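Work through the following exercises with the sequence and the model side by side. Each exercise sets a task, and each solution proceeds step by step.

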Amino acid sequence: MDDAASTDPDAVERVRDRHADLAPALARTWASEEPWRFLTDLTAIGSRMAGSDGERRAAELVADAFERAGLREVRTDPFELTAWERGGADLRVTVPGRDGTERTREFEALALPYSPAETVEGELVDVGYGTPDEIDDADVTGRIAVASTTTPSESRFVHRMETFGHALAAGAVGFVFVNHLEGQLPPTGSLTFGEPASAPAVGVSAETGGWLREYAANAEGPVASVELGVEASFRPAESRNVFGRAGPDTDERLLLLAHYDGHDIAEAALDNGCGIATVVTAAGVLAEADLPIGVDVVAVGCEEVGLLGAERLAETTDLDAIRAVINVDGAGRFRDLRALTHTSEAARSVAAAVSTATRQPIEVKPEPHPFSDQWPFVRRGVPALQLHSDSGERGRGWGHTHADTRDKVDDRNLREHGMLTALLVAEFAAEGRDPERLEADALVDAFRETDFETGMRAADLWPAAWE
């Protein structure tokens with residue numbers, strides 16, 4: 001929570017007045033069964049992978065929930081994509097024994113989305129956390145890089161796309177992503193933004209990773225030969241964004257969004273079932289609010305494979321009419337809300353006012369990042385507020401693993417974060433709020449200050465306009 005000196009007292013009082021006006025809606029939300037029922041229906045679908053039948057069914061559930069919440073003009077906007085379908089993955093390690101004979105071990109592995117159907121052979125090389133310096137020091141040329149899902153505590157969190165891109169640029173022919181959390185949980189996660197990757201890659205458990213690091217060429221044990229194979233296919237498919245409206249029909253408006261797709265290996269309850277459930281909950285409050293400008297509530301598809309739904313939304317929206325974007329990706333999972341403001345002073349001010357007025361802790365993080373649905377808007381200059389929640393641990397936790405299931409969710413968080421989200425949106429919509437657009441030069445400086453440029457270039461995310 002920001003200190004009192006940095007919080008606008010007029011905004012705090014405005015939030016308190018709005019809280020009083022919305023007291024009946026907030027009271028109903030506090031005890032509502034709808035967030036849990038919606039999450040139950042969503043997670044019961046199973047896979048909500050981009051372009052799948054499960055994702056289509058999820059969009060229908062969201063549209064029904066928008067209607068029940070009281071949003072107007074509920075509709076869907078379909079768009080095309082190249083869908084990736086998971087097949088098997090093989091990870092075979094042949095190790096010389098002390099008696100001179102060889103033995104081959106097979107390990108469980110999950111193909112990472114957009115990995116090509118390909119088999120490669122070579123030595124393993126341990127690149128630790130997968131930072132650029134570690135990759136450069138390890139000599140990965142012609143080898144299969146093994147990297148952790150976490151990063152050093154003193155650095156920012158590094159995304160797998162960055163590590164994968166660094167490893168391939170340094171000459172790696174394959175990639176193994178090792179979960180840093182124990183429990184026999186191989187992780188998943190896309191390698192690219194919706195296009196076939198240029199080398200096969202898999203996720204393995206922390207327990208498997210321990211063996212692989214022992215067998216790596218830069219370890220002290222015997223050097224193993226490895227065969228890494230992925231089965232996968234690509235096909236034309238369709239996804240869709242789901243729209244609803246709250247507030248008046250004004251030219252200027254806000255966007256409130258969350259992605260409803262999820263990886264195919266679990267129920268995707270935390271990522272991002274909680275986020276879309278939080279938005280549905282907030283929509284029920286906003287539908288009863290007296291707002292000075294309109295709010296477009298949008299459930300976007302295909303976030304997990306490259307923000308494709310958000311890109312579609314940004315491309316088909318008059319961004320000059322959008323005051324700001326509120327992206328709910330990670331809220332509802334854990335007790336305390338976190339606000340990522342992506343360099344926007346207005347977003348920081350909104351979060352501080354709501355936190356102070358409600359006496360609810362909201363941790364504010366000003367640094368930008370390109371790995372969620374606010375990115376297509378931020379890089380075009382639209383102020384953004386991303387709502388996350390703090391687990392107290394580093395990394396995704398259960399997310400992107402088989403363990404991302406409904407039993408991990410406490411629906412009190414869904415209800416409370418839904419109420420807070422509604423108040424945040426309403427304060428961003430307040431008369432007199434006129435947030436400055438994000439300037440490209442300032443964004444470039446911010447990404448460079450947070451050491452993002454090298455990783456974004458490795459992941460092919462650095463905008464050409466920023467050259």
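**Exercise 1.** Classify Arg-213 by its exposure, and then determine which side chain meets that of Arg-213 in a salt bridge.

Solution. Arg-213 has a relative accessibility of 25% and therefore counts as partly exposed, where buried means under 20% relative accessible area, exposed over 50%, and partly exposed in between, with a 1.4 Å probe and protein chains only. The model is a predicted one, in which local features need pLDDT of at least 70 and side-chain atom pairs count only at pLDDT 80 or more, while totals for chains, interfaces and linings use all residues. Residues are numbered from 1 along each chain as its sequence is written, and side-chain values use heavy atoms, with hydrogens and water left out.

The next step is the partner. The side chain of Arg-213 meets that of Asp-126 in a salt bridge of 3.2 Å, N to O, the term being used for a side-chain nitrogen of Lys or Arg within 4 Å of a carboxyl oxygen of Asp or Glu. Asp-126 lies in strand β4 (residues 118–126) and Arg-213 in helix α7 (residues 206–214), so the pair ties together parts that are 87 residues apart in sequence; helices (H or I, at least four residues) and strands (E, at least two) are DSSP runs, numbered from the N terminus. Asp-126, at 23% relative accessibility, also counts as partly exposed.

**Exercise 2.** Find how many salt bridges the whole structure holds, and describe the pair formed by Glu-227 and Arg-92 and the pair formed by Glu-467 and Arg-457.

Solution. A search of the whole structure finds 39 salt bridges. In one of them, the side chains of Glu-227 and Arg-92 meet at 3.0 Å, N to O. Because Glu-227 belongs to strand β8 (residues 225–246) and Arg-92 to strand β1 (residues 72–96), this pair ties together parts that are 135 residues apart in sequence. Glu-227 is partly exposed, at 27% relative accessibility, and Arg-92 is partly exposed with a relative accessible area of 27%.

For the other pair, the side chains of Glu-467 and Arg-457 meet in a salt bridge of 3.0 Å, N to O. Glu-467 sits in the segment after α14 (453–458) and Arg-457 in helix α14, ten residues apart. Glu-467 is exposed, with a relative accessible area of 64%, whereas Arg-457 is partly exposed at 37%.

**Exercise 3.** Which residues of helix α3 are buried, and how are they arranged when seen down its axis?

Solution. In α3 (residues 34–44), the buried residues are Pro-35, Phe-38, Leu-39, Leu-42 and Thr-43. Seen down the helix axis, they fall within an arc of 125°, so they line one face of the helix; the arc is that of the directions from the helix axis to the C-beta atoms. The face turned away from this buried side carries the exposed residues Arg-37 and Ala-44. The cover over the buried residues includes α4 (53–69), α8 (269–286) and α12 (411–428), judged by contact, which means heavy atoms within 4.5 Å. Just after α3, Gly-46 takes a positive phi of about 95°.

**Exercise 4.** Describe the largest cavity and the second largest pocket, giving the volume and the lining of each.

Solution. On a 1 Å grid over the protein atoms alone, a cavity is a set of points where a 1.4 Å probe fits but cannot get out, and a pocket is an open set with protein on both sides within 12 Å along at least five of seven lines; lining residues have an atom within 4 Å of a point. Grid points are joined across faces, edges and corners, and a volume is the space filled by probe spheres set on the points.

The largest cavity has a volume of about 160 Å³. It is lined by 17 residues, and the closest to its centre are Thr-149, Phe-177, Pro-187, Arg-396 and Gly-399. By class, this lining has five nonpolar, ten polar and two charged residues, where Ala, Val, Leu, Ile, Met, Phe, Trp, Tyr, Cys and Pro count as nonpolar, Asp, Glu, Lys and Arg as charged, and the others, Gly among them, as polar.

The second largest pocket holds about 560 Å³ of space. Of its 25 lining residues, Thr-192, Phe-193, Glu-195, Ala-459 and Asp-460 lie nearest its centre. The largest share of this lining, five residues, comes from α6. By class, the lining of this pocket has 15 nonpolar, four polar and six charged residues.
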